[in-house]
Amino acid sequence: MDTRKLIDLLRATIDPNQRQQAEEQLAQIHKIIGFAPSLLQVVMMNDCEMPVRQAGAIYLKNLISQNWHDRETEPGQPMPFSLHEQDRSLIRESIVDAVVHAPELIRTQLCTCVNNMVKHDFPGRWTQIVDKISIYLSNPEASGWHGALLCLYQLVKNFEYKKAEERGPLHEAMNLLLPQLYQLVARLLPDPSEQAVLLQKEALKIYFALTQYTLPLNLISREAFTQWMEVCRQVAERPVPPAALQPDEDERPDLPWWKCKKWALHILHRMFERYGSPGNVTKEYNEFAEWYLQTFSNGILEVLLRLLDAYRNKAWLPPRVIQQTLNYLNQAVSHAHTWCLLKPHMPTIIQDVLFPLMSYSSEDEELWTVDPHEYIRVKFDVFEDFVSPVTAAQALLHSACKKRKDMLQKTMQLLNQVLNNPATEPAQKDGALHMVGTLADILLKKKGYREQLDQLFIKYVFPEFNSPRGHMRARACWVLHYFSEFSFKQEAVLAEAVRLTVTALLQDKELPVKVEAAVALQSLLNYQERSHRYVEPQVKQVALELLTIIRETENEDVTSVMQKLVCVFTAQLTSIAVEICQHLASTFSQVLDTDEGSDEKAITAMGLLNTIETLLTVLEEQPEVLRLLEPTVLQVIAHVLQNEVQEFYEEVLALIYDLTCKQISPDMWRVFELLYQVFMKNALDHFTDMMPSLHNYITVDTDGFLADEKRLLAIYNMCKEVLSKDCGEDPESHAAKLLEVVLLQCRGRIDGAAPLLVELAASRLLREVRTSELRTMCLQVLIAALYYNPQLLFSVLDKLPDFTSHFIKQWLHDADCFLGIHDRKMCVLGLCTLISIPGRPAAVIELAPQVVPAVVLLFDGLKRAYAAKAQELTEEEEESESDDGEVEEVLSSDEDEIDDQGQEYLESLSRRTVNSGTIAGMQISANITEEDDDSDSDSDYEPNEETALETYTTPLDEENCEVDEYLVFKEVMQRLESTEPDWYRALTSNLTEQQSKALMEISLLADQRKAARESKKIEQQGGYVFTQQTVPTTFNFGGGGSIGGS
């Protein structure tokens, strides 16, 4: 390909006037063989101007990201474009060299190319990447090292999060490369130059990515591990050159010397936490952890204590270095071996390191003053917590005071001195209250401290609500938030706490104070039911103020406060519900219209949608209010669906669900049409999220659903789309469930469409089905069709060769896979219909001896399922929490903290697999005995007896449903015994003694359920009758009777 023409086109893409035309030309030629290698050639031309090379690198990166791997052609679709193997081969040969020789500006794009190529081609088509990297690493020529390390990092990154058993190819490569990497680092360590330290940092990043989730002990021997730990120790301990301290403090953390230290500490903490902490590791690391603790922990701890000593003597350290150091110390608190070394230093660390870190700093002051919105964002950013030294300080303080003797007492003495000293600066007072709040859960469990808390609030916290300093008012709110679980001894103190918090929320001029007050108020409402009456008089002002704060800060924490308020004060807020909803909707639009890319904006927008959803949920019993809210919520729904903002589909579908739970307005039927269009266009992956709303459309307004045949057609098309595309078996099970719901909900009303629904399920059964859930769900569609109209079902199935026989055999074989109440009930009713119909299929007669045992098995499951449901209802009524008096034991100096549960959990994660095919764990011929239910064959697998799809109810699941499966079965058997004795004998002659006994029990239960129904009817009419039944010693099905609903 002509590189000059390519350069001209790339240059034109930079010119706004020529861009569109140039991009169109590139789009026409990028599929030509030779284009991609030519593009790489242009990118590497040193005599070509840099903007053109950058444009080429970006184009190449996108080309490789999207079109590197071969993709399967979908039926009826054109073959998707992927780069020709000839081009891929040329790029594989030269990409590592390109990364090595490329200037910094281009390297990043090329590294992304390497990452994608490794993902698809290593080790299969591209083992030579290992050889290329190895050649550069072993070459004494330093210029090739950096690019080689960057390529090695991409190789390792691809395996970073994979399970140990999937990392074989990487470990094979690292057998060669890891020793080379170590030799390079060892050679570079004495060199303090910026370039040498940058290479050391890259090497440490590779080692961290290799070991952060799995430590391959077969690859990294103890000797090699010791070498790397020594590298990290040296990097952590060595002094930095003066050049590392010259720039402004904000810029220093980005310098290689500090970055190198950060990665060394990152590794040291990770090795201790994940592999070197006896009692907290998975069993394959037990022996290693003991060796680690004895060999390394104290030597490294000494280095870190020297770092902290320098820091307390005013030496500058980057925040991440302090954070990782404190994280290591936090781990050391749990082990007697390390605690012995740490213990004498701990009071000094608390006083001179943790206390200053937790105090209000000059940086805090500057941010509060210059940009209060950013101050709020940083303080409430969960991602910030992962990197903040303040969070690490809180964690270390909490661990030491919770786990080690005398630490709490010594800390409280220090804080007492600080708080009682009139000369204490506000920043230090802030730090002291910060530390008290951090220890709140520990103090609440110690009687001596708990009894003094009322006084703590009165003396130290309440006065700060009137402080001239905003940060102290915010801290006072923060402390109340952390002590909100405290059982206030004096009602007046609780009343004052609520009054001060509400006043701060409504009247304070500083936004960060309002936000802290809002969060504190939520906690008080959560834990102090008595606080509700103090908030109620001002609840409307509070709600409107919260909306203003949400609008101004777009803070998700305040959004959740609003949710709490709406739940607690539903009745009081009904009158302003429309105003609240409009406020939330317009703030949502505002958030969407501004910077759409950021994660925080997305989280906030989600919070707003969730708050609207909360509003709809709590007002669901007030249809007249919901009608008023609907137009506002519809704007939000339309905005998201019409603009295809897919990240909010889940939340918007929840809103649609709420607006269709009780009734469906003409506008909501228009939303149904929109939903269908969106689904068919690009929302196939959201089918399971749509399912609750679709279920509402079918069941809440069945007449409306059937009034326009396009609506039924839409459901059919959606299910067809899911069942014919490779969506995964969970969405497919949902689609089959929806077909079943339609058949049962519209029984007798869709004779024309029902065969199409049956064909969908039947044709899915003809393709491979991997899970029992999908198989039983497709069978259930056919069973529902049998229940709907047997002739209709068999007229469809008989068109498929041998399908009827296959269906009945599979159904009986899978009887143990039907779980929950609905599925088993459906199965019983289906079998009752099957044995009752005239002109039975040959397969039914052939398999007659299997039918009643299958029914017995189903009834046994039903008995358990009904019992589990009753128990769940009882537990819900009795649920109450009583863990107030819990006291945690501290560890003595020679004790280790062992996390048994965590250890078991980690190990169980690696073991856990569920074979859904044997989910019920019983054979069709299972016997029912008089032993306790605990001894039956699925006692080792106790699922929640309600299946996930059972929430999508049908007329058969309604409480007042007239169709009782016990009565239907009894009546069918009685009728067959009297009218078709030969057929009855064929069904029952092969029963075992236990199965015959089980039949008696089913009959008895049928009578009891019938009596209970009649009693309930009489009770509802004002009287009550109780019938006592006894188990008969022999059983006779005689006595006639009708099918009764089969």
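Which residues in H9 meet which residues in H11? From H9 come Leu178, Leu181, Tyr182 and Val185, and across from them in H11 sit Gln227, Trp228 and Val231. Keep in mind that this is a predicted model.

That contact has a clear chemical make-up: 6 of its residues are nonpolar, 1 is polar and none is charged. As for the geometry, two packed helices are described by the angle between their axes and the distance between the axes. Here H9 runs over residues 168–188 and H11 over residues 222–237, and they pack at an angle of about 30° with their axes 11 Å apart. The crossing of H9 and H11 is left-handed.

Now for the holes. The structure has 8 cavities of 30 Å³ or more, and the largest of them has a volume of about 100 Å³. Pro623, Leu626, Arg627, Glu630, Asp658, Leu659, Thr660, Cys661, Lys662 and Gln663 line that largest cavity. Two elements give two or more residues each to this lining: helix H35 (623–642) and helix H36 (649–659). H35 gives the most, with 4 residues.

Here is how the two sets of residues divide by type:

| Residue set | Nonpolar | Polar | Charged |
|---|---|---|---|
| Contact of H9 with H11 | 6 residues | 1 residue | no residues |
| Lining of the largest cavity | 4 residues | 2 residues | 4 residues |

So much for the counts; which charged residues are in the cavity lining? They are Arg627, Glu630, Asp658 and Lys662. On the helix pair, the polar residue is Gln227 of H11.

Key: Residues numbered from 1 in each chain as written. Predicted model: local features only at pLDDT ≥ 70, side-chain atom pairs only at ≥ 80, totals over all residues. Heavy atoms only, no water. Axes fitted to C-alpha atoms, helices over the stretch in contact; angles between N-to-C directions. Left-handed = near helix turned anticlockwise from the far one by under 90°. Contact = heavy atoms within 4.5 Å. 1 Å grid on protein atoms, 1.4 Å probe; cavity = no way out; pocket = protein on both sides within 12 Å on 5 of 7 lines; lining within 4 Å. Points joined across faces, edges and corners; volume = space filled by probe spheres on them.
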